[in-house]
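Subject: Handover of a structure and the findings from it

Dear colleague,

Please find below the structure that I am handing over to you. My account of what was found in it follows directly after.

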Amino acid sequence: MLRIFLWILLGVLPSLASPQKLKVVASFSILGDLVRQVGQDLVEVSIIVPENADPHIYQPKPLDIIKINEADLVFVNGLSFEGWFGRLIVNSGYKGDIITAGKNVKPRILLDSKGVSATDPHAWHSVKNAMLYVEEIKKALQHKLPHYTKKIEENAASYSEKLKKLDDWVKEQFKTSDKKRHIVITTHDAFSYYGTDYGIEFLSPVGISTDSEASAAVIAEMIRTIKEKNVKAVFIENLSNRKLIEQIAAEARVNVDGVLYADSLSSPSTASSPARTYIEMIQHNTQTIREALEF
Ligand code: ZN
């Protein structure tokens, strides 16, 4: 009798346990949040480049190899963003799918610091592009979790609705006919997609990657532009060279107006952290820019 009872119990227990979550790795924190929003409790997301670390110049750690090796699915931004990723995949021995979330984005081509044209990877700063990312994430998760297709569809639809509202809200913040107000200085060229969508001109002393240095000529030109065009909005970024922007601002006799989040979210563990999710990041950047431009 006892044996039968135990046999039934052992048969029932596994089905009562919560289903195993899909182990997903995303290359950096912003992408990790988008995957979490679509996968919700069906996924366990690990990120390679942590919050407040720079994905352009990241050096993978031994723990990253383990994370990739144990993953069921891997997401990257693409658009030449994660130059270090290929070697990490080879070293990990991972043979599963690698999804390029930004693959349907229309890439912007900018000049890098040496004047050579290069793909601008920072597509996520256009909320419309983030919606394309969500579509790719949804398809990939549905493929891996066919029993949860409907749930993933609902998650993606609900999040996309929030993104649509966010996109409309950002547009609303910069409504004016006065184009002179629309010049913003940041450390590196991370906001070109944002600028195109929302009618802001971003200038920066460093190119599209933080691995380059600004030349003296570029710095002098930037100071001249700030003075000539009466630029009001000058920002540092959470990851990059603070001193450079402070030097430019001091020489141009303008204030530094705050911190923008370009390539990473802020630390999730601090309650006052302004950009713990993608939506918070866009809201924070928009409000900060708007205040500096005196709308
Ligand atoms: Zn960047």
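Which arrangement do the donor atoms around the zinc ion make, and why? The 4 donor atoms subtend angles of 94 to 131° at the zinc ion, and the arrangement is therefore tetrahedral. The criterion applied here is that all angles of four donors lie between 85 and 135 degrees. As a point of reference, the ideal angle for four tetrahedral donors is 109.5 degrees. Please bear in mind throughout that this is a predicted model.

The zinc site

The ligands of the zinc ion are three histidines and an aspartate: H56, H122 and H188 each coordinate through NE2, and D263 does so through OD. The distances are 1.9 to 2.0 Å. Along the chain, these donors follow the spacing H-x65-H-x65-H-x74-D. Within this set, H56 and D263 link distant parts of the chain, being 207 residues apart. H56 belongs to the loop between strand 2 (43-49) and helix 3 (62-69), whereas D263 belongs to the loop between strand 11 (259-260) and helix 10 (278-293). Both H56 and D263 are buried.

Strands 1, 3 and 4

Strand 3 (73-76) is joined to strand 1 (residues 22-28) by 3 bridges, and the two run parallel. In this pairing, V25 stands opposite V74 of strand 3. Strand 3 also pairs with strand 4 (residues 98-100), again in the parallel sense and over 3 bridges. Here F75 has I99 of strand 4 as its bridge partner. Between strand 3 and strand 4 the chain passes through helix 4, and this β-α-β crossover is right-handed.

In a regular strand, side chains alternate between the two faces of the sheet. On strand 3, L73 and F75 lie on one side, and V74 and V76 lie on the other. All four residues are buried, and both faces of the strand are thus covered.

The sheet of strands 7, 8 and 9

A further group of 3 strands forms an open sheet in the order 8-7-9, with parallel pairing. Strand 8 (201-203) and strand 9 (233-234) stand at the edges; each has a single partner strand, so one side of each is left without a neighbour in the sheet. Strand 7 (residues 183-185) pairs with strand 8 over 3 bridges in the parallel sense. One of the facing positions is I183, which stands opposite E201 in strand 8.

Aromatic pairs

The count of aromatic pairs comes to 10. Among them is the pair of F28 and F81, which is edge-to-face, with 5.0 Å from centre to centre and 65° between the planes. The pair links distant parts of the chain, 53 residues apart: F28 is in strand 1, and F81 is in the loop between strand 3 and helix 4 (85-92). With a relative accessibility of 1%, F28 counts as buried, and F81 is buried as well, with a relative accessible area of 3%. W84 and F85 form another aromatic pair, which is tilted, at 5.5 Å centre to centre and 55° between the planes. W84 and F85 are both buried. Elsewhere, ring pairs link F174, F191, Y194, Y198 and F202 into a cluster.

Individual residues

Two residues have a positive phi although neither is a glycine: Q40, at about 45°, and R253, at about 60°. Q40 is placed in the loop between helix 2 (29-39) and strand 2, and R253 in the loop between helix 9 (242-252) and strand 11. Are these residues buried, partly exposed or exposed? Q40 has a relative accessibility of 38% and so counts as partly exposed. R253, in contrast, is exposed, because its relative accessible area is 75% and the cut-off for exposed is over 50%.

Finally, Q173 is located in helix 6 (residues 149-173). A polar atom of the Q173 side chain lies 3.1 Å from the backbone oxygen of W169. At 13% relative accessibility, Q173 counts as buried, since the limit for that class is under 20%.

With kind regards

How values were computed: Residues are numbered from 1 along each chain as its sequence is written. This is a predicted model: local features need pLDDT of at least 70, side-chain atom pairs count only at pLDDT 80 or more; totals for chains, interfaces and linings use all residues. Side-chain values use heavy atoms; hydrogens and water are left out. Donors are N, O and S atoms within 2.8 Å of the metal (3.2 Å for Na, K and Ca); water is not among the atoms, so sites may look incomplete. Four donors count as tetrahedral if all angles lie between 85 and 135 degrees; four count as square planar and six as octahedral if opposite donors are over 155 degrees apart and all others between 65 and 115; anything else is irregular. Buried means under 20% relative accessible area, exposed over 50%, partly exposed in between (1.4 Å probe, protein chains only). Two strands pair if DSSP finds at least two bridges between them. A polar contact is a pair of N or O atoms within 3.5 Å; within protein, one must be able to donate a hydrogen and the other to accept it, and residues adjacent in sequence count only if both atoms are side-chain atoms. Rings of Phe, Tyr and Trp (its six-membered ring) pair if their centres lie within 6.5 Å; planes under 30 degrees apart count as stacked, over 60 as edge-to-face and the rest as tilted. A crossover is right-handed if, with the strands pointing away from the viewer, the path from the first strand over the helix to the second runs clockwise.
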